[in-house]
Amino acid sequence: MKTNRKNLVDKLDKLISQIVRAYEHGICEHCKGKANQCHHYFGRMRYSTRFEFDNCLSLCWVCHRYWAHQKYEDCRDYLISRIGQKRFDELKLLSNQTADFSESDLEEKVAEYSILLKNLNETYS
(Lines give C-alpha, C1' and ligand atoms only; values in the text may rest on other atoms or scores of the structure.)
Protein backbone atom coordinates (compact mmCIF):
# COMPACT_ATOMS: atom_id res chain seq x y z
CA MET A 1 0.00 0.00 0.00
CA LYS A 2 1.33 3.42 -0.96
CA THR A 3 2.07 5.99 1.70
CA ASN A 4 0.55 9.46 1.56
CA ARG A 5 4.00 10.83 0.65
CA LYS A 6 4.32 8.41 -2.28
CA ASN A 7 0.81 9.33 -3.47
CA LEU A 8 1.73 13.02 -3.36
CA VAL A 9 4.96 12.43 -5.31
CA ASP A 10 3.02 10.42 -7.90
CA LYS A 11 0.46 13.24 -8.23
CA LEU A 12 3.25 15.78 -8.64
CA ASP A 13 4.99 13.68 -11.29
CA LYS A 14 1.74 13.47 -13.25
CA LEU A 15 1.06 17.20 -12.86
CA ILE A 16 4.60 18.13 -13.93
CA SER A 17 4.28 15.95 -17.03
CA GLN A 18 0.91 17.43 -17.94
CA ILE A 19 2.09 21.01 -17.36
CA VAL A 20 5.31 20.59 -19.35
CA ARG A 21 3.39 19.11 -22.28
CA ALA A 22 0.66 21.78 -22.01
CA TYR A 23 3.29 24.56 -22.21
CA GLU A 24 4.45 23.04 -25.49
CA HIS A 25 0.86 22.55 -26.74
CA GLY A 26 1.31 18.76 -26.66
CA ILE A 27 4.20 18.93 -29.15
CA CYS A 28 7.46 17.00 -28.87
CA GLU A 29 10.27 19.51 -28.52
CA HIS A 30 12.58 17.37 -30.63
CA CYS A 31 10.64 15.94 -33.60
CA LYS A 32 7.56 18.21 -33.34
CA GLY A 33 5.26 15.16 -33.23
CA LYS A 34 2.69 14.47 -30.51
CA ALA A 35 4.27 14.51 -27.06
CA ASN A 36 3.16 11.93 -24.53
CA GLN A 37 6.05 11.98 -22.05
CA CYS A 38 8.05 14.32 -19.88
CA HIS A 39 11.82 13.94 -19.78
CA HIS A 40 13.76 15.05 -16.72
CA TYR A 41 17.30 16.00 -17.79
CA PHE A 42 18.53 15.57 -14.22
CA GLY A 43 16.75 12.33 -13.33
CA ARG A 44 13.75 12.02 -11.05
CA MET A 45 15.92 10.36 -8.39
CA ARG A 46 17.24 13.85 -7.72
CA TYR A 47 14.38 15.33 -5.74
CA SER A 48 16.01 18.76 -5.65
CA THR A 49 15.32 19.18 -9.41
CA ARG A 50 12.51 16.65 -9.85
CA PHE A 51 9.76 19.30 -9.74
CA GLU A 52 11.65 22.07 -11.58
CA PHE A 53 9.99 22.89 -14.91
CA ASP A 54 13.28 24.02 -16.46
CA ASN A 55 14.59 20.49 -15.91
CA CYS A 56 11.85 18.99 -18.07
CA LEU A 57 11.22 18.51 -21.78
CA SER A 58 8.00 17.62 -23.58
CA LEU A 59 8.79 14.57 -25.74
CA CYS A 60 7.20 11.71 -27.64
CA TRP A 61 8.23 8.25 -26.42
CA VAL A 62 10.56 7.69 -29.40
CA CYS A 63 12.50 10.92 -28.79
CA HIS A 64 12.48 10.26 -25.05
CA ARG A 65 14.00 6.82 -25.53
CA TYR A 66 16.30 7.33 -28.51
CA TRP A 67 17.26 11.00 -28.29
CA ALA A 68 17.11 12.16 -24.68
CA HIS A 69 18.60 8.97 -23.19
CA GLN A 70 20.99 7.99 -25.97
CA LYS A 71 22.14 11.35 -27.31
CA TYR A 72 22.57 12.92 -23.91
CA GLU A 73 24.90 15.69 -25.11
CA ASP A 74 22.47 16.77 -27.86
CA CYS A 75 19.67 16.84 -25.32
CA ARG A 76 21.84 18.90 -22.93
CA ASP A 77 22.72 21.36 -25.70
CA TYR A 78 19.05 21.77 -26.60
CA LEU A 79 18.09 22.34 -22.96
CA ILE A 80 20.84 24.96 -22.60
CA SER A 81 19.60 26.71 -25.75
CA ARG A 82 16.14 26.81 -24.19
CA ILE A 83 16.92 27.88 -20.62
CA GLY A 84 20.40 29.41 -20.94
CA GLN A 85 23.77 28.33 -19.59
CA LYS A 86 23.35 30.20 -16.30
CA ARG A 87 20.04 28.46 -15.46
CA PHE A 88 21.45 25.10 -16.59
CA ASP A 89 24.43 25.56 -14.25
CA GLU A 90 22.03 26.47 -11.41
CA LEU A 91 20.04 23.29 -12.05
CA LYS A 92 23.23 21.24 -12.17
CA LEU A 93 24.29 22.56 -8.76
CA LEU A 94 20.80 22.10 -7.37
CA SER A 95 20.64 18.53 -8.68
CA ASN A 96 23.61 17.61 -6.49
CA GLN A 97 21.95 18.90 -3.33
CA THR A 98 19.73 16.95 -1.01
CA ALA A 99 16.07 17.89 -0.97
CA ASP A 100 13.83 17.04 1.93
CA PHE A 101 10.25 17.92 1.08
CA SER A 102 7.81 17.50 3.92
CA GLU A 103 4.32 16.16 3.23
CA SER A 104 2.96 19.68 3.65
CA ASP A 105 5.52 20.97 1.09
CA LEU A 106 4.34 18.31 -1.35
CA GLU A 107 0.68 19.10 -0.66
CA GLU A 108 1.34 22.80 -1.35
CA LYS A 109 3.04 21.94 -4.64
CA VAL A 110 0.14 19.69 -5.66
CA ALA A 111 -2.33 22.51 -4.96
CA GLU A 112 -0.18 25.11 -6.76
CA TYR A 113 0.48 22.92 -9.81
CA SER A 114 -3.17 21.84 -10.02
CA ILE A 115 -4.19 25.48 -10.34
CA LEU A 116 -1.43 26.12 -12.88
CA LEU A 117 -2.56 23.17 -15.01
CA LYS A 118 -6.19 24.30 -14.84
CA ASN A 119 -5.18 27.81 -15.95
CA LEU A 120 -3.04 26.45 -18.77
CA ASN A 121 -5.86 24.23 -20.00
CA GLU A 122 -8.27 27.18 -19.95
CA THR A 123 -5.76 29.40 -21.77
CA TYR A 124 -4.93 26.89 -24.50
CA SER A 125 -8.41 25.46 -25.08
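**Notebook: first look around the model**

I started with His25, which is exposed, at 54% relative accessibility. I should jot down that this is a predicted model. His25 is in the loop between helix 1 and strand 1. Its backbone caught my eye: His25 is not a glycine, yet its phi is positive, about 60°.

Then I looked up Lys32. Lys32 also has a positive phi, about 70° here, and it isn't a glycine either. Where does Lys32 sit? I found Lys32 in the loop between helix 1 and strand 1. Is Lys32 buried or exposed? Its relative accessibility is 55%, so I put Lys32 down as exposed.

**Entry: cysteines**

How many disulfides does the structure hold? I got zero. I checked Cys31, which is in no disulfide: the nearest cysteine sulfur belongs to Cys63 and is 3.8 Å away. A disulfide needs the two sulfur atoms within 2.5 Å, so that pair doesn't make the cut. I noted Cys31 as partly exposed, with 41% relative accessibility.

Next was Cys75. Why is the sulfur of Cys75 not in a bond with the closest cysteine sulfur? That closest sulfur is in Cys63, and at 10 Å it is too far away for a bond. Cys75 is buried, with a relative accessibility of 0%.

**Entry: salt bridges**

A reminder to myself before the search: side chains of opposite charge can pair when their charged atoms come close. How many salt bridges turn up in the whole structure? My search gave nine. I followed a few of them.

I took Lys6 and Asp10 to begin with. Their side chains form a salt bridge with N and O at 2.9 Å. Both residues are in helix 1, which covers residues 4-23, and they are four residues apart, or about one turn of the helix. I have Lys6 as partly exposed at 39% relative accessible area. Asp10 is partly exposed as well, at 23%.

Which residue forms a salt bridge with Asp13? I traced it to Arg44, with the closest N and O atoms 3.1 Å apart. Asp13 is in helix 1, while Arg44 is in the loop between strand 1 (37-40) and helix 2 (47-50), so this pair ties together parts 31 residues apart in sequence. Asp13 counts as buried, at 12% relative accessibility, whereas Arg44 counts as partly exposed, at 42%.

Then came Asp54 and Arg87, whose side chains meet in a salt bridge at 2.7 Å, N to O. I see this pair linking distant parts of the chain, 33 residues apart: Asp54 is in the loop between helix 2 and strand 2 (56-59), and Arg87 is in helix 5 (residues 85-95). Asp54 is partly exposed with 28% relative accessible area, and so is Arg87 with 21%. Which residues are joined with this pair into one network? I followed the shared partners and ended up with Glu52, Asp54, Arg87 and Glu90.

**Entry: a nonpolar patch on the surface**

Which residues make the nonpolar surface patch of about 310 Å²? I wrote down Trp61, Val62 and Tyr66. I looked at Val62 a little more. Val62 is in helix 3, residues 61-68. With a relative accessible area of 38%, Val62 counts as partly exposed.

**Entry: inside**

I went inward to finish. The largest nonpolar core has 17 residues. Leu12, Ile16, Phe51, Leu106 and Tyr113 are the ones with the most contacts inside it. Which helices each supply at least two residues of this core? I noted helix 1 and helix 6 (103-124). Helix 1 gives the largest share, eight residues.

I picked Leu12 for a contact check and skipped residues up to four places away in sequence. What does Leu12 touch? My list reads Phe51, Leu106, Lys109, Val110 and Tyr113.

There is also a second core, separate from that one, with 16 residues. Among its members I found Cys28, Cys63, Ala68 and Leu79. I had met Cys63 already: its sulfur is the nearest cysteine sulfur to that of Cys31, and the closest to that of Cys75 too.

Note on methods: Residues are numbered from 1 along each chain as its sequence is written. This is a predicted model: local features need pLDDT of at least 70, side-chain atom pairs count only at pLDDT 80 or more; totals for chains, interfaces and linings use all residues. Side-chain values use heavy atoms; hydrogens and water are left out. Buried means under 20% relative accessible area, exposed over 50%, partly exposed in between (1.4 Å probe, protein chains only). A salt bridge is a side-chain nitrogen of Lys or Arg within 4 Å of a carboxyl oxygen of Asp or Glu. Patches are made of residues with over 30% relative accessible area and no salt bridge: like charges are joined within 9 Å, nonpolar side chains (Val, Leu, Ile, Met, Phe, Trp, Tyr) within 5 Å. Accessible areas come from the Shrake-Rupley method with a 1.4 Å probe; for residues, only the protein chains shown count as cover. A nonpolar core is a set of buried Ala, Val, Leu, Ile, Met, Phe, Trp, Tyr and Cys residues joined through side-chain atoms within 4.5 Å. Contact means heavy atoms within 4.5 Å.
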